[in-house]
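Me: I am new to reading protein models, and I would like to know how each label is justified. Could we go through them slowly, setting each value against its rule?

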Amino acid sequence: MMKTIGLSGLVAVLALLAGATLAAASGIEVTDAWTTAGGTSGGEAPLYMTVINHGSTPDALTRVRCPVAWAAEPRTTDIGEGAPISRLVKSIAIPADTQVKLAPGRFHVALLQLKEPLREGDTFTCAVTFKGGPTNVSVRVKAAAGMAHDSKSS
């Protein structure tokens, strides 16, 4: 029984490593991942990053998992009548040989149901999944002052 558990654990680790390699092999690079300090337990926070597709094939950000939140979802900011509002999207397209910046007023990932308030200077690692595979991304928490994000609408 113990050998079976050990073998299945090894297979799971190898599958994760293969996925991370797959994302790297597809030419996806994630830089400057950050979120804003503050929020409340059970609240929301925006997650921003720059995604570079060095490859010749389009990709898409499909899922994010972070230890600071119970859930996360890709969103876009719509500027219609009145104040900006964020809207859930199925994925965020990353065209071939280009850079997509997830930034205030644009695409972002909403960290939902925060486990506790985020403190400036903290860092954590999120698993970011693309069609080409997953990758781990280090995220830093920055001061919230001057940010255009409205936590009520995201």
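Me: How do you know that strand 4 and strand 8 pair?

Reply: In this predicted model, strand 4 and strand 8 (residues 108–114) are joined by six bridges. Two strands pair if there are at least two bridges between them, so strand 4 and strand 8 count as paired, and they run antiparallel. One of the places to look is P74, whose bridge partner in strand 8 is V109.

Me: What makes strand 4 and strand 5 a pair?

Reply: The reasoning takes the same form, with four bridges joining strand 4 to strand 5 (residues 85–88), set against a rule that asks for at least two. Strand 4 and strand 5 therefore pair, and they run antiparallel. Here T76 has R87 of strand 5 as its bridge partner. The hairpin of strand 4 and strand 5 has six residues between the strands, and in this hairpin G82 takes a positive phi near 85°.

Me: Why is the link between C66 and C126 called a disulfide?

Reply: The sulfur atoms of C66 and C126 lie 1.9 Å apart, and the cut-off for a disulfide is 2.5 Å, so the pair of C66 and C126 meets the rule. By this rule the count comes to one disulfide. In general, a disulfide is a covalent bond between the sulfur atoms of two cysteines. The pair links distant parts of the chain, 60 residues apart, with C66 in the loop between strand 3 (59–65) and strand 4 (69–78), and C126 in strand 9 (residues 123–130). The link of C66 and C126 is right-handed, with 115° about the S-S bond, and both C66 and C126 are buried.

Me: Why are W34 and Y48 called a tilted aromatic pair?

Reply: There are two values to check, the first being the distance of 4.7 Å centre to centre, which falls within the limit of 6.5 Å. The second is the angle of 45° between the planes, which is neither under 30 degrees, as stacked would require, nor over 60, as edge-to-face would require, so the pair of W34 and Y48 is tilted. W34 lies in strand 1 (residues 28–36) and Y48 in strand 2 (residues 45–53), so the pair ties together parts that are 14 residues apart in sequence. W34 is buried, and Y48 is buried as well.

Me: What sits over the ring of W34, and what sits over the ring of W70?

Reply: Over the ring of W34 sits the charged end of K142, 4.5 Å from the ring centre, while the charged end of K115 sits over the ring of W70, 4.2 Å from its centre. The distance part of the rule is a limit of 6 Å, and the values for K142 and K115 are both within that limit.

Me: Why is V100 called buried, and which residues does V100 touch?

Reply: V100 has a relative accessible area of 13%, and buried means under 20%, so V100 is buried. V100 is placed in strand 7 (residues 98–102). Leaving aside residues up to four places away in sequence, V100 touches M49, T50, V51, I92, A93, I94 and P95. The C-alpha atoms of V100 and M49 are separated by 8.5 Å, although the two residues are 51 residues apart along the chain.

Me: What makes D32 and Q113 worth a second look, and how exposed are they?

Reply: Most residues other than glycine have a negative phi. D32, in strand 1, has a positive phi near 45° without being a glycine, and Q113, in strand 8, likewise is not a glycine but has a positive phi of about 55°. The relative accessible area is 34% for D32 and 45% for Q113, and because partly exposed covers the range between 20% and 50%, D32 is partly exposed, as is Q113.

Me: How do you know where the model calls for caution?

Reply: The mean pLDDT of the chain is 83, and 77% of its residues reach 70 or more. Over residues 1–22, however, the pLDDT is below 50, and it stays under 50 over residues 147–154 too. Where pLDDT is low, the predicted coordinates should not be read in detail.

How values were computed: Residues numbered from 1 in each chain as written. Predicted model: local features only at pLDDT ≥ 70, side-chain atom pairs only at ≥ 80, totals over all residues. Heavy atoms only, no water. Helix = DSSP H or I, 4+ residues; strand = E, 2+ residues; numbered from the N terminus. Buried < 20%, exposed > 50% of the residue type's maximum accessible area, 1.4 Å probe, protein only. Phe/Tyr/Trp six-rings, centres within 6.5 Å; stacked < 30°, edge-to-face > 60°. Lys NZ or Arg CZ within 6 Å of the ring centre and 35° of its normal. pLDDT = per-residue confidence, 0-100. Contact = heavy atoms within 4.5 Å.
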